[in-house]
Amino acid sequence: MKISVNGEIIETKVTSLNLLLDELGYEGNWLATAVNAEVVSLDERSQFVLHEGDRIEILSPMQGG
């Protein structure tokens, strides 16, 4: 299926948000995620089913100032 991740269209076969994060190499409990502009909490990610055309935003903290 084709989805948008941080504005980039990708193709994936995974069906849940947590599997997508694993596939893309994101690690840690400190990520913020949203699907179609709705925040998805850490506890909801494993049950959150992705669909064709979803828009996923993944935010991670950055160091600096």
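Q: Which residues does Thr 33 touch, not counting those up to four places away in sequence?
A: In this predicted model, Thr 33 touches Leu 17, Leu 21, Glu 38, Val 39, Val 40, Arg 45 and Glu 57. A contact needs heavy atoms within 4.5 Å, so each of these residues has a heavy atom within that distance of Thr 33.

Q: Why is Thr 33 called buried?
A: The relative accessible area of Thr 33 is 3%. Buried means under 20%, so Thr 33, a residue of strand S3, is classed as buried.

Q: What makes the pairing of the Thr 33 and Arg 45 side chains a polar contact?
A: The two side chains are joined at 3.1 Å. The limit for a pair of N or O atoms is 3.5 Å, with one atom able to donate a hydrogen and the other to accept it, so the pair of Thr 33 and Arg 45 qualifies.

Q: Where does the backbone oxygen of Val 40 lie relative to the side chain of Thr 33?
A: The backbone oxygen of Val 40 is 2.7 Å from a polar atom of that side chain. The side chain of Thr 33 thus has a polar contact with Arg 45 and a polar atom 2.7 Å from the backbone of Val 40.

Q: Why is Val 39 called exposed?
A: Val 39 has a relative accessible area of 71%. The class of exposed residues begins over 50%, so Val 39 belongs to it. This residue lies in strand S4, residues 38-40.

Q: What is Val 39 in contact with, leaving aside its neighbours within four places in sequence?
A: Val 39 is in contact with Thr 33, Ala 34 and Glu 44. The C-alpha atom of Val 39 is also separated by 9.1 Å from that of Glu 57, which is 18 residues away along the chain.

Q: What makes the phi of Ala 37 worth a note?
A: Phi of Ala 37 is positive, about 70 degrees, although the residue is not a glycine. Ala 37 lies in the loop between strand S3 (32-35) and S4. With a relative accessible area of 69%, against a cut-off of over 50%, Ala 37 is therefore exposed.

Q: Why is Asn 6 called partly exposed?
A: The relative accessible area of Asn 6 is 35%. Buried ends at 20% and exposed begins over 50%, so Asn 6 falls in between. Its place is in the loop between strand S1 (2-5) and S2. Asn 6 has a positive phi, near 50 degrees, and is a residue other than glycine.

Q: How do you know that Thr 12 is buried?
A: Thr 12 has a relative accessible area of 4%. The cut-off for buried is under 20%, so the label follows. Thr 12 lies in the loop between strand S2 (8-11) and helix H1 (17-24). Leaving aside neighbours within four places in sequence, Thr 12 is in contact with Met 1, Ile 3, Leu 20 and Glu 23. A polar atom of the Thr 12 side chain lies 3.2 Å from the backbone nitrogen of Val 14.

Q: What makes the Glu 23 and Thr 12 side chains a polar contact?
A: The side chains meet at 2.8 Å, and the limit is 3.5 Å, so the pair counts as a polar contact. Between their C-alpha atoms the distance is 8.8 Å, and the two residues are eleven apart in sequence. Glu 23 sits in helix H1 and is partly exposed, at 43% relative accessible area. Apart from neighbours within four places in sequence, Glu 23 is in contact with Thr 12 and Val 14.

Q: In what order do the elements of the protein run?
A: From the N terminus on, the order is β-β-α-β-β-β, made up of one helix and five strands.

Q: How do you know whether the radius of gyration agrees with a compact globule?
A: For 65 residues, a compact globule would have a radius of gyration near 11 Å, and the protein has 11 Å, so the two agree. The C-alpha trace spans about 35 × 25 × 20 Å along its principal axes.

Q: What share of the contacts with a separation of 6 or more comes from residues 24 or more positions apart?
A: Such residues account for 51% of those contacts in the protein. Of the 65 residues, 31% are buried.

Q: How many positive and negative side chains does the protein have?
A: There are 4 positive and 11 negative side chains, and the centres of the two sets lie 6 Å apart. The protein exposes about 4,600 Å², of which carbon and sulfur atoms supply 52%.

Key:
Residues are numbered from 1 along each chain as its sequence is written. This is a predicted model: local features need pLDDT of at least 70, side-chain atom pairs count only at pLDDT 80 or more; totals for chains, interfaces and linings use all residues. Side-chain values use heavy atoms; hydrogens and water are left out. Helices (H or I, at least four residues) and strands (E, at least two) are DSSP runs, numbered from the N terminus. The radius of gyration is taken over C-alpha atoms; the globule rule is 2.2 Å times the number of residues to the power 0.38. Buried means under 20% relative accessible area, exposed over 50%, partly exposed in between (1.4 Å probe, protein chains only). Accessible areas come from the Shrake-Rupley method with a 1.4 Å probe; for residues, only the protein chains shown count as cover. Lys and Arg count as positive and Asp and Glu as negative; His and the chain ends are not counted. The place of a charge is taken as NZ of Lys, CZ of Arg, CG of Asp or CD of Glu.
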